[in-house]
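Subject: Handing over a structure

Hello,

I am passing a structure on to you, together with some notes on what turned up in it. Please have a look at it first, and then read on.

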Amino acid sequence: QQDLESLLAELENAQGRGGEELQMGERRLQVLKAEADEASGRRVAKEQELAKAKDDKAECGAALQKQTNEIKRQQKKIADSRKALDHLQDRKNRLHTELDHTQAQ
């Protein structure tokens, strides 16, 4: 009977330790779940941040293209104006030459 009582006491001790280990495991599991939820939330936030950055990049690319097109238009206007100015300068020089020639006669 003493062996049975000793065995029963050992079993109760083991059961107590098993219950404690189970509770520690459940607490650890809750901590791990909370950490996973937090990491998931950070991942979602980073994904949203990345999506916004991609949108911003696309907007900047479109704005840059628009500005590049405007620069090209302005450069063409400047080139056309220079060409017109050169033409007027040539005409002015020809008229001065004709005037000088007419006055010399």
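Let me start with one pair of side chains: Glu70 and Arg73 meet in a salt bridge, with N and O 2.8 Å apart. Please keep in mind that this is a predicted model.

Why can these two reach each other along the chain? Glu70 and Arg73 sit three residues apart in helix 1, so about one helical turn separates them. As for their surroundings, Glu70 is partly exposed, with a relative accessible area of 33%. Arg73 also counts as partly exposed, at 47% relative accessibility.

A little further along, you will find Lys76 and Asp80. Their side chains form a salt bridge too, and the closest N and O atoms are 3.1 Å apart. Here the partners are four residues apart in helix 1, which again means a separation of about one helical turn. Lys76 is exposed, with a relative accessible area of 53%, whereas Asp80 is partly exposed at 39%.

The pair Lys52 and Asp56 is worth a look as well. The two side chains meet in a salt bridge of 3.1 Å, N to O. Lys52 and Asp56 are four residues apart in helix 1, which covers residues 2–104, so they too are separated by about one helical turn. Lys52 counts as exposed at 52% relative accessibility, while Asp56, with 31%, is partly exposed.

How many salt bridges are there by this rule? The count comes to five, and the pairs above are among them.

Now for the whole chain. The protein chain has one helix and zero strands. Its radius of gyration is 45 Å, well over the 13 Å that the globule rule gives for 105 residues, so the chain is more spread out than a compact globule. You can see this in the C-alpha trace, which spans about 155 × 15 × 10 Å along its principal axes.

What share of the residues counts as buried? Of the 105 residues, the figure is 0%, where buried means under 20% relative accessible area. The protein chain exposes about 10100 Å², and carbon and sulfur atoms supply 55% of that area.

One last point concerns the charges. The protein chain has 20 positive and 21 negative charges, and the mean positions of the two sets lie 19 Å apart.

Enjoy exploring it, and do write if anything is unclear.

Best wishes

Note on methods: Residues numbered from 1 in each chain as written. Predicted model: local features only at pLDDT ≥ 70, side-chain atom pairs only at ≥ 80, totals over all residues. Heavy atoms only, no water. Salt bridge = Lys/Arg side-chain N within 4 Å of Asp/Glu carboxyl O. Helix = DSSP H or I, 4+ residues; strand = E, 2+ residues; numbered from the N terminus. Buried < 20%, exposed > 50% of the residue type's maximum accessible area, 1.4 Å probe, protein only. Rg over C-alpha atoms; globule rule 2.2 N^0.38 Å. Areas by Shrake-Rupley, 256 points an atom, 1.4 Å probe, with all protein chains shown as cover. Lys, Arg positive; Asp, Glu negative; His and termini not counted. Charge placed at Lys NZ, Arg CZ, Asp CG, Glu CD.
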